[in-house]
Amino acid sequence: MLETLKKLPYPLSGVILALFSLGNCVVEIAPLRYLLLGIGLCLLVALTAKMALVPKSLTDALKDPVLCSTLGTFSMALMVLSSYFFPRFPLWAMVVWSFGLVLHCSLIFYFSFRHLPYLKIRQVHASYFIVYVGIAMAAVTARLPFQVVLGRGCFYFALCGFLFLLPVVLYRYIVHRKIMPPQRPLFCITAAPGALCLTAYLTAFAEPSTVLVAVGAVLSGVLYMAVLVRVPFLLRFEVFYPSYAAMTFPFVINATAMDLFRSSVESWFLLDVAVWAETAVAAVLVALVLFGYLGLWPKRNAS
């Protein structure tokens with residue numbers, strides 16, 4: 001059992017986050033929602049057990065800037081998980097949400113002092129968005145009044161992080177293109193921060209600015225399409241890398257953002273189609289990556 005836990009890669013937390021988030025996208029289909037919740041909980045328990053029973057693996061992960069940045073999906077997953085508890089167990093939901101927020105804030109401080117001062121442009125990856133923009137999940141999952149207030153503060157921090165990191169990350173991928181195959185799927189995370197900020201803004205503010213919503217929708221849409229066109233090329237790898245977890249949550253949060261955007265404007269048929277299409281794409285990619293973690297990655301000829 002311990003040997004199995006040792007083999008679990010920490011990027012699996014990104015798949016857990018995607019499963020919980022996808023469950024909230026299909027809230028009207030209760031059996032599917034709770035199936036996704038159940039799978040996510042099993043994986044969450046397993047990953048938490050690894051952290052507790054194999055602490056050296058966590059220490060080693062924290063020393064690596066890329067792995068360290070992906071750990072932010074664990075705290076984000078806890079915040080999303082709290083939304084499942086809130087209707088019946090509000091106290092437990094508040095505890096889980098608060099723990100996830102404190103954990104993410106701790107990661108921001110640790111990453112900023114341990115890794116950020118020593119990074120060179122070739123070491124920058126889209127996974128760094130997780131650290132500084134992922135905290136916007138607090139706004140998305142806030143339910144109680146004090147959570148909403150904290151969530152709004154987190155949104156402003158995440159928005160600043162997004163606007164600062166976006167040109168740096170794009171410059172890294174456009175100018176310094178040489179990236180090792182195991183790290184190439186991380187580019188998909190570029191699609192997440194814009195959609196996450198838009199989702200947080202539409203969720204945490206009762207009267208959002210039409211202009212800001214429109215700008216956010218266009219920007220997140222452009223980043224989504226830029227990543228989506230790269231997906232077929234990334235899927236050509238014969239070997240399954242744990243970094244393929246990056247191909248899950250970014251597509252789920254875009255479907256969520258599109259759904260909220262549709263609700264905030266006059267309903268158009270094209271927006272309805274877009275929501276269903278993005279949800280379907282997200283579901284397929286989450287299933288495909290989950291199969292990869294289960295050892296069922298489809299074999300292809302390397303090219």
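These are my notebook entries on the two largest pockets of this predicted model.

**Ground rules.** I number residues from 1 along each chain as its sequence is written. Because the model is predicted, local features need pLDDT of at least 70 and side-chain atom pairs pLDDT 80 or more, while totals for chains, interfaces and linings use all residues, and side-chain values use heavy atoms, without hydrogens or water.

**Largest pocket.** I looked up the space first: about 690 Å³ lies in the largest pocket (a pocket is an open set of points on a 1 Å grid over the protein atoms alone where a 1.4 Å probe fits, with protein on both sides within 12 Å along at least five of seven lines; points join across faces, edges and corners, and the volume is the space filled by probe spheres set on them). I then listed its 26 lining residues (an atom within 4 Å of a point); Asn24, Cys25, Val26, Val27 and Asp259 are closest to the centre. Helices (DSSP runs of H or I, at least four residues, numbered from the N terminus) giving two or more lining residues include α2 (12-25), α11 (192-204) and α15 (269-293). α14 gives the most, with 7 residues. By class I find 13 nonpolar, 8 polar and 5 charged residues (Ala, Val, Leu, Ile, Met, Phe, Trp, Tyr, Cys and Pro are nonpolar; Asp, Glu, Lys and Arg charged; the others, Gly among them, polar).

**Second largest pocket.** Here I noted about 340 Å³ of space. Of its 16 lining residues, Met51, Phe74, Ser75, Phe99 and Leu103 lie nearest the centre. I see α3 (30-53), α4 (55-63), α6 and α7 (90-114) each supplying at least two, and α7 gives the most, with 5. Which classes make up this lining? I count 12 nonpolar, 4 polar and no charged residues.
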